[in-house]
Amino acid sequence: MRIDVVTIFPEYLEPLNVSLVGKARERGLLDVRVHDLREWTHDRHNTVDDTPYGGGPGMVMKPEPWGEALDAVLESGEGSPVLVVPTPSGRPFTQELAVELSGKPWLVFTPARYEGIDRRVIEEYGDRLDVREVSIGDYVLAGGEAPVLVMVEAVARLLPGVLGNAESHRDDSFAPGAMADLLEGPVFTKPPVWRDRGVPEVLLSGHHGKVARWRRDEAFRRTAQNRPDLIERCDPATLDKKDRSMLAALGWVLGEDGRFGRAVESVEE
Ligand code: JD8
């Protein structure tokens, strides 16, 4: 996979030189290229922004540097990339989208700053490319570079050979399959006692079946506590009898609508 990033803060993408993505690049599993947008400015101040038409706060990124930069990047590769535009007004970035993007040969990320990029840039490339406006969450950041770091790591770890065989994204939370809508349960490692705190006996039992059941129950417990919306949207058909009894123990029952909902406390008269 090839990934290009165009930004006014190329140094912000330094983390893509280390850890999982850095190693994937060293091993030739991933080709990441970071470009400084100012290379495509021609005035003495390398201007990339101007005041917003219609007035209002802040500045807007000018279309010309982005047009020249994206044209140059597109001309430097084969085929057509997916253009990923981080924006708080985008569609949610999900594991499902990460899986979809990991199947593409070429991604181009356009992290912006200020109030964002002149809309005509999105329209210009939307006519000829698959453009995805994506948000990584319902909070406001100062720019798109941090979202690019998040999305590149989420996609890169899904590429064949990037995760060592010890690691696997097969059991990822939110990934299609049994643990689809469940959060990860708690994890433990040596020593068996730390500050007078032990480890759940079942994990020391060597009984794989019981360990797997305990882990699934703990995943339900944490999901019910932190993401009840995931319990409401989970497909009951993917749950077995023991799953349902754990959910019942956590106060969740199957409603007439075929979805799990919280059990209504029966008020004694
Ligand atoms: C790109 C400029 C800042 C946004 C005025 C603050 C994503 N989940 C997310 N939160 N924020 C962003 C994001 C913010 C950005 C840019 C992404 C480019 N800003 C702007 C509009 C309001 N300032 C994001 N993905």
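Buried means under 20% relative accessible area, exposed means over 50%, and partly exposed lies in between. The model used in these exercises is predicted.

**Exercise 1. Sort the faces of helix H8 (241-249) into buried and exposed residues.**

Step 1. Apply the cut-offs. Asp 243, Met 246 and Leu 247 are the buried residues of H8.

Step 2. Look down the axis. The buried residues of H8 fall within an arc of 100 degrees, so they line one face of the helix.

Step 3. Turn to the other side of H8. Lys 241, Lys 242 and Ala 249 are exposed there.

Step 4. Find the partners of the buried residues. They pack against H6, H7, S8 and strand S9 (260-262).

**Exercise 2. Check the length of helix H6 (residues 208-226), then find what its buried residues pack against.**

Step 1. Work out the expected span. H6 has 19 residues, and at 1.5 Å a residue it should span 27 Å.

Step 2. Compare with the model. The end C-alpha atoms of H6 are 27 Å apart, which agrees.

Step 3. Pick out the buried residues. Among them are Val 211, Arg 213, Trp 214 and Phe 220. Charged residues appear too, including Arg 216, Asp 217 and Glu 218.

Step 4. List the packing partners. The buried residues of H6 meet helix H7 (228-233), helix H8 (241-249) and strand S8 (252-254).

**Exercise 3. Is Arg 213 buried or exposed? Which residues does it touch, leaving aside those up to four places away in sequence?**

Step 1. Place the residue. Arg 213 sits in helix H6.

Step 2. Use the cut-off. Its relative accessible area is 18%, and buried means under 20%, so Arg 213 is buried.

Step 3. Read off the contacts. With residues up to four places away in sequence not counted, Arg 213 touches Phe 220, Asp 240, Lys 242 and Asp 243.

**Exercise 4. Rebuild the sheet that holds strand S5 (residues 82-92).**

Step 1. Pair S5 with strand S6 (residues 106-109). The two are parallel and share three bridges. Val 82 has Leu 107 as its bridge partner in S6. Leu 83 stands opposite Val 108.

Step 2. Pair S5 with strand S7 (residues 130-135). This pairing is also parallel, over seven bridges. Pro 86 stands opposite Val 134 in S7.

Step 3. Write the order. The sheet is open, has five strands and runs S2-S1-S6-S5-S7, with parallel pairing.

Step 4. Find the edges. Strand S2 (31-36) and S7 each have a single partner strand, so one side of each lacks a neighbour in the sheet.

Step 5. Add the twist. From one strand to the next, the average is 30 degrees.

Step 6. Add the helix. H4 (residues 119-126) packs on the sheet and touches S5 and S7. The direction of H4 makes about 140 degrees with that of S7.

**Exercise 5. Inspect the backbone at Tyr 114, Lys 190, Pro 191 and Arg 195.**

Step 1. Recall the background. Most residues other than glycine have a negative phi, and most peptide bonds are trans.

Step 2. Take Tyr 114, in the loop between S6 and H4. Its phi is positive, near 55 degrees. At 35% relative accessibility, Tyr 114 counts as partly exposed.

Step 3. Take Arg 195, in the loop between H5 and H6. Its phi is positive, about 50 degrees. At 66% relative accessibility, Arg 195 counts as exposed.

Step 4. Take the peptide bond between Lys 190 and Pro 191. It is cis, with omega about 5 degrees. Pro 191 is in the loop between helix H5 (145-156) and H6.

Key: Residues numbered from 1 in each chain as written. Predicted model: local features only at pLDDT ≥ 70, side-chain atom pairs only at ≥ 80, totals over all residues. Heavy atoms only, no water. Pairing = 2+ DSSP bridges. Helix = DSSP H or I, 4+ residues; strand = E, 2+ residues; numbered from the N terminus. Axes fitted to C-alpha atoms, helices over the stretch in contact; angles between N-to-C directions. Contact = heavy atoms within 4.5 Å. Expected span 1.5 Å × (residues − 1). Buried < 20%, exposed > 50% of the residue type's maximum accessible area, 1.4 Å probe, protein only. Arc of directions from axis to C-beta.
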